[in-house]
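Here's a quick tour for anyone opening this one up for the first time. Have a look around, then read on.

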Amino acid sequence: MKKIIFVLFLTIFSFTTLYAEDSMDDFDTEFKDKTNEVFDPLSGYNRLMTTFNDKIFVNVLVPVANGYAYVVPQTARTGIENFFENIRFPIRFVNNLLQLKFENASEELGRFLINTLWGLGGFMDLATSELNMKAHKEDFGQTLGFYGVGEGFHIVLPFFGPSNLRDTIGLTADGIVSPVNSMGDNALHYKIPNNILETAGLKTFDVINNTSFNPYQYETIKKDALDLYPFLRDIYSQSRKKQIEE
């Protein structure tokens, strides 16, 4: 039941918005301002959630990540990062196959076998360092985009940050495949967490570990933002568009 509620939560909050800026011709006064209006039913919610996420990141995540980095050596943190990257192999493998990128899927399989068998269970990324086999990061949101599914309306998810209808659906689908998410059938017994709380714990640990490498990157990105919500929304939208095109 908890898993169903979790999926419904992601789906209900998956309506998103796109903004367009007013434009003015400063050199010809006979032209009026041109405004592109976009239906934005959750703009108020998105702004509130952006503020909430911003406060959590700056006041909670960054201090915790700094403390964590002080205690845990970088070598160990790199190994943990490699482990999580390696164990999420099914997401990349399946979505490369769905996008007909068979060579990339084959390389992902090779990376997983090499790093798991000879890289101490994935704590060492020998596939990259020794064989120059790069990861091909694909998710189900990108797969939907590959087949022409539009991004829909913008939505800011609590803790997850900017997203949209397509990517929220993709997030749920990837969660069913992911070994570090308890959603979906675990008939093959390959999933690590047994429930949503354990899933949240693993995700939180992964985020803290990743943030510890560059805790002030977010501050650097947002420092020039006049309005944080549309600024982060546009960055996310452009980034996802580029990932899908690649």
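## Charges over rings

Let's start with arginine 77: its charged end sits over the ring of phenylalanine 213, 5.2 Å from the ring's centre. There's a similar arrangement to look at around tyrosine 229, where the charged end of arginine 233 sits over the ring, 5.6 Å from its centre.

## How far to trust it

Keep in mind that this is a predicted model. The protein chain averages a pLDDT of 86, and 84% of the residues score at least 70. Residues 1–36 are another story, with a pLDDT below 50. Even so, that stretch has 65 contacts in the model beyond near neighbours in sequence.

## The nonpolar core

Which residues make up the largest nonpolar core? There are eight in all: Leu61, Tyr68, Val72, Ile80, Phe84, Ile87, Val180 and Ile208. Helix H2 (43–71) and helix H3 (74–87) each supply at least two of them, and H3 gives the most, with three. As a rule, nonpolar side chains in soluble globular proteins tend to be buried together.

Now zoom in on valine 180, one of the core residues. Setting aside neighbours within four places in sequence, valine 180 is in contact with Phe84, Ile87, Arg88, Ile192, Pro193, Thr199 and Leu202.

## Rings that pair up

Across the whole structure, a search turns up nine aromatic pairs. One of them is phenylalanine 83 with phenylalanine 123, a stacked pair at 5.0 Å centre to centre with 20° between the planes. Phenylalanine 83 lies in helix H3 and phenylalanine 123 in the loop between helix H5 (102–117) and helix H6 (126–129), so this pair ties together parts that are 40 residues apart in sequence. Are these two rings buried or exposed? Phenylalanine 83 counts as partly exposed, at 22% relative accessibility, and phenylalanine 123 is also partly exposed, at 38%.

Phenylalanine 89 and phenylalanine 112 form a stacked pair too, 4.5 Å centre to centre and with 15° between the planes. Because phenylalanine 89 belongs to helix H4 (residues 89–98) and phenylalanine 112 to helix H5, the pair links parts that are 23 residues apart in sequence. Here phenylalanine 89 is buried, with a relative accessible area of 9%, while phenylalanine 112 is partly exposed at 24%.

## A cluster of rings

Phe83 and Phe123 also belong to a wider group: ring pairs link them with Tyr68, Phe84 and Phe205 into a cluster. Tyr68 and Phe84 may look familiar, since both turned up in the largest nonpolar core.

Methods
Residues are numbered from 1 along each chain as its sequence is written. This is a predicted model: local features need pLDDT of at least 70, side-chain atom pairs count only at pLDDT 80 or more; totals for chains, interfaces and linings use all residues. Side-chain values use heavy atoms; hydrogens and water are left out. pLDDT is the predictor's confidence in each residue, from 0 to 100. Contact means heavy atoms within 4.5 Å. A nonpolar core is a set of buried Ala, Val, Leu, Ile, Met, Phe, Trp, Tyr and Cys residues joined through side-chain atoms within 4.5 Å. Buried means under 20% relative accessible area, exposed over 50%, partly exposed in between (1.4 Å probe, protein chains only). Helices (H or I, at least four residues) and strands (E, at least two) are DSSP runs, numbered from the N terminus. Rings of Phe, Tyr and Trp (its six-membered ring) pair if their centres lie within 6.5 Å; planes under 30 degrees apart count as stacked, over 60 as edge-to-face and the rest as tilted. A charge sits over a ring if NZ of Lys or CZ of Arg is within 6 Å of the ring centre and within 35 degrees of the ring normal.
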